[in-house]
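Reader: I have a model open and would like a close look at a single part of it. Could you walk me through that part and what surrounds it?

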Amino acid sequence: MGTAMTTLSLRHLQRILREQGPAGSISISAEIGASGVGEMRVPFIMRVFYLMKPEDIHALLVQHNDEAGKVELIARIARTTFGNGILFSNGAMWKRQRKLMQPVFHHAHVKAYGERMVNIAKQHIAQWKPNNVLDLANEMHAITLRIVVDTLFSGDATGEIDEIREAIHDIGAGFSAQAQSVFLALMPDWFPAPALRQKNRGAKKFNRILERLIAERRKLGEANSPQDLLTSLMFTKDSDTGETMSNEQLRGELLTLYVAGHETTANLLAWSLHFISKYPEVAQKLLVEVDLLEGKPPTTEDLARLPYSKMILQETLRMRPPVWFMQRQSAVPLTINGRSYPKNAMFFILVYANHHNPAVFTEPNIFRPERWANDAEKNLPKGAYTPFSTGARICIGNGFAMMEAQLLLTLIMQRFQITLLDEAQIPKGTPITLSFAKPVRMQISPINA
Ligand code: HEM
């Protein structure tokens, strides 16, 4: 069934990604053509498939979720720092953690963080002075970082924010060195390579801070502990077994939420501001909407009457999905839309290419928030739009991220006029999340100042 599969060589693929970065997924998609599935052969190791058609993506992530989990090698590298954290685990372990954590991310629960998010952002942007020239990505990172630390640990860790950032940097550096070298990936963590030492050093530092916070909360008990994700996660009981998470599991999940929860949202905001400054008619419409707030900071209650800001975010997530590719590995042979795949096949889901599919999105390279009007997302073909993935493993922080981004975007636009002094460019290579290639400077002037 279907058209023959196109085979691409590793060298060719590497060249495309080296030269074009995530945007190269469109070139890969074009070369693969009508079949929508490309194969890359890595002799004697594994078979790698590239998926970019909505129906294949949907089938893999929704129907075959139990049979195609996270990639084992990556899970192994992650295990020493993230424990069996939800982001990388599979099977029964993942199911248990997801069930425990899901209630913590329910809409009503997440809504309670809205006011804190706005207050933190207000404090941060209060430091912006007329005609300041600032680094757009850095500013967005600084705000979303403070928000994630506050929602995870309340004020308890604010004194340690630099230490946490350093620890995460070390973990991240070691992790990406392993992701880029098969040799390092296969080494145990005690192997005396500088990258692994750096990763261990970071993990130790992070664990030390967390152990202290966890011990303090255990002493205080649930009723007296601050209301934040740490307290929620610590005291949540499995509805069947009544068990709570162990300290080790908690540490892994807190690190996971920290990592998964701020860089992605910062990228979304930074790219949104890039598009807003590039498309004046979009900026104009947004300003009219923001005026509805009458100068008051946005609240979660306001969000429903600020639909255009949400459409801008949806369109940014389409054109610059922070998670621009996803990976899976088959635990058994699979048949997807009539094609057979062997056991242990590796799948690359090209989210970026999927979101630029002209059969689904007319003029896919044009930034047009209006395409999301009238709940258009609900009428798209299944699997066509997956910035937060789909199926059982859909981003657990989806609602949290959208709420945060909408609050921050409207707050910033209400208070500042932003002029970008550089063109934002997509990074080359294979960044884990879709950031900027080079710093983008923004000049800010307060509105009504
Ligand atoms: C714009 C912001 C965000 C984007 C685009 C995003 C995107 C994604 C995507 C695509 C996945 C699935 C990855 C895969 O299955 O391979 C994912 C998973 C996840 N995300 Fe997000 N995310 C965002 C924000 C957040 C936030 C704010 C949090 C937490 C506070 C969070 C926590 C998680 C977790 C824990 C998972 C793993 C879920 C599981 O495997 O069951 N994310 N995210």
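Author: Happily! A word on confidence before the close look. This is a predicted model, and its helices differ in how confidently they are placed: α10, residues 182–186, has the lowest confidence in the protein chain, with a mean of 76, while α15, residues 307–319, has the highest, at 98. Across the protein chain the pLDDT averages 91, and 98% of the residues score at least 70.

Let us take α17 as our part. This helix runs over 398–415 and has 18 residues. From its first C-alpha to its last it reaches 26 Å, close to the 26 Å expected at 1.5 Å a residue. It is also mostly covered, with 15 of the 18 residues in α17 counted as buried.

One of its residues, Leu408, leads us inward. Leu408 belongs to the largest nonpolar core, a set of 78 residues, and is among the members that touch the most others, along with Leu152, Leu269 and Ala270. The largest share of this core, 14 residues, is supplied by α13. Leaving aside residues up to four places away in sequence, Leu408 touches Ala121, Ile143 and Leu269. Apart from this core there is another, of 30 residues, which includes Ile26, Leu334, Tyr341 and Phe348.

Now to the ligand, where α17 turns up again. The shell around the ligand draws at least two residues from α17 and at least two from α13, which covers 247–278. The largest share of that shell, seven residues, comes from α13. In total, 22 residues surround the ligand, and the closest are Gly261, Thr264, Cys395, Gly397 and Ala401. Sorted by class, the shell has 14 nonpolar residues, six polar ones and two charged ones. So α13 appears twice in this picture, with the largest share of the 78-residue core and the largest share of the ligand shell.

Stepping back along the chain, the loop between α16 (351–354) and α17 holds a residue worth a look, Asp375. Although Asp375 is not a glycine, its phi is positive, at about 55 degrees. Asp375 counts as exposed because it has 8 C-beta neighbours inside 10 Å. A similar entry is Glu294, in the loop between α14 (280–290) and α15. Glu294 is not a glycine either, and has a positive phi of about 50 degrees. Glu294 is exposed too, with 7 other C-beta atoms within 10 Å.

How values were computed. Residues are numbered from 1 along each chain as its sequence is written. This is a predicted model: local features need pLDDT of at least 70, side-chain atom pairs count only at pLDDT 80 or more; totals for chains, interfaces and linings use all residues. A residue is near a molecule or strand if its C-beta atom, placed from the backbone, lies within 6 Å of it. Helices (H or I, at least four residues) and strands (E, at least two) are DSSP runs, numbered from the N terminus. Ala, Val, Leu, Ile, Met, Phe, Trp, Tyr, Cys and Pro count as nonpolar, Asp, Glu, Lys and Arg as charged, and the others, Gly among them, as polar. pLDDT is the predictor's confidence in each residue, from 0 to 100. A nonpolar core is a set of buried Ala, Val, Leu, Ile, Met, Phe, Trp, Tyr and Cys residues joined through C-beta atoms within 7 Å. A residue is buried if 20 or more other C-beta atoms lie within 10 Å of its own, exposed if 12 or fewer, and partly exposed in between; C-beta atoms are placed from the backbone. Two residues are in contact if their C-beta atoms, placed from the backbone, lie within 7 Å. The expected span of a helix is 1.5 Å times one less than its number of residues.
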